[in-house]
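Here are some notes to read alongside the structure if you haven't met it before. Keep the viewer open and go through them in order.

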Amino acid sequence: MGQCGITSSKTVLVFLNLIFWGAAGILCYVGAYVFITYDDYDHFFEDVYTLFPAVVIIAVGALLFIIGLIGCCATIRESRCGLATFVFILLLVFVTEVVVVVLGYVYRAKVENEVDRSIQKVYKTYNGTNSDAASRAIDYVQRQLHCCGIHNYSDWENTDWFKETKNQSVPLSCCRETAKSCNGSLANPSDLYAEGCEALVVKKLQEILMHVIWAALAFAAIQLLGMLCACIVLCRRSRDPAYELLITGGTYA
């Protein structure tokens, strides 16, 4: 019965090590996705420490490749030292992922205040040229999120760009995709996106952080199972003399 339990635990452990390799790729992808998406919205969120959870999760992903290799070798070779090292590293990674989850929730709560503080400043610096990074960022967000202005398209009337152009028009990025011959004129508000960008930017950034949080939680659960299986193999190996004889090739007298 004990031998069957060990064999089952070892099989699960080998399978989990394979999952760790897949998890490593997924975690690195999630971290990279956060970096790429943040780059599109960085003008609206100045706190670069928000990227810290993404940095940690990429590091965890890289470490999982090594963990999977150590775990497979230790399980196949029945190395007590290797399995103990495997459990210790898994424990460290598990604690790290718990930290990622906590930081994710902390920064997620800060998103709304950060965006509210930054977005008005970005809109005030808009000059409508592609050479200006802030202007490109605003046009990109308005097209991608289908929004116009901070709270609605009327916010543009308070910007320096609107007052300087004197044509009673908002940027073309405010035009609905379905609107034909839209020139951004406020005389045709039905051609413009009605929703403001601030709420949508906050929602987008919070969704990004939730990807990190859910990824960390999912793989923390897998690591708990891996530690449990490794501990079962270690304990049974040290307590079951029949298992020791099986490993060394001995037999009962």
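The points below cover the record, the core, a charged pair and a few single residues.

1. Before anything else, keep in mind that this is a predicted model.

2. Let's begin with what the record says. UniProt gives the feature "transmembrane region" to residues 12-32, 51-71, 86-106 and 213-233. Take the span 86-106: in the model it is 100% helix and 0% strand, and its end C-alpha atoms lie 30 Å apart.

3. Leu 103 is worth a click. This residue lies in helix H3, and setting aside residues up to four places away in sequence, Leu 103 touches Phe 52 and Pro 53. There's also a long-range pairing to look at: Leu 103 and Ile 213 are 110 residues apart along the chain, yet 8.8 Å separates their C-alpha atoms.

4. Now the core. The largest nonpolar core has 65 residues, and among those with the most contacts inside it are Phe 44, Tyr 123, Val 141, Trp 156 and Val 201. Helix H1 (2-41), helix H2 (52-76), helix H3 (80-124), H4, H5 and helix H6 (197-239) each put in at least two residues. H6 supplies the largest share, 16 residues.

5. To see one of those core residues up close, pick Val 141. Not counting residues up to four places away in sequence, it touches Asp 40, Tyr 41, Phe 44, His 146, Cys 147, Cys 197 and Val 201. Two of these contacts, Phe 44 and Val 201, are also on the list of residues with the most contacts inside the core.

6. How many salt bridges does a search of the whole structure find? Just 1. Arg 117 pairs with Glu 114, with 2.8 Å between the closest N and O atoms. The two are about one helical turn from each other, because they sit 3 residues apart in helix H3. Their surroundings differ: Arg 117 counts as exposed, at 53% relative accessibility, whereas Glu 114 is buried, with a relative accessible area of 8%.

7. Finally, have a look at Asp 155, in the loop between helix H4 (133-145) and helix H5 (160-165). Asp 155 is buried but has no salt bridge. Which side chain of opposite charge is nearest to Asp 155? That would be Lys 124, 9.9 Å away; a salt bridge needs the nitrogen and the carboxyl oxygen within 4 Å. What the Asp 155 side chain does have is a polar atom 2.4 Å from the backbone nitrogen of His 151. Leaving out neighbours within four places in sequence, Asp 155 is in contact with Gly 149 and Ile 150.

Terms used
Residues numbered from 1 in each chain as written. Predicted model: local features only at pLDDT ≥ 70, side-chain atom pairs only at ≥ 80, totals over all residues. Heavy atoms only, no water. Helix = DSSP H or I, 4+ residues; strand = E, 2+ residues; numbered from the N terminus. Buried < 20%, exposed > 50% of the residue type's maximum accessible area, 1.4 Å probe, protein only. Lys, Arg positive; Asp, Glu negative; His and termini not counted. Polar contact = N/O pair within 3.5 Å; in protein donor to acceptor, adjacent residues only side chain to side chain. Contact = heavy atoms within 4.5 Å. Core = buried A, V, L, I, M, F, W, Y, C linked by side-chain atoms within 4.5 Å. UniProt positions renumbered as here; feature names shortened; annotations may be inferred.
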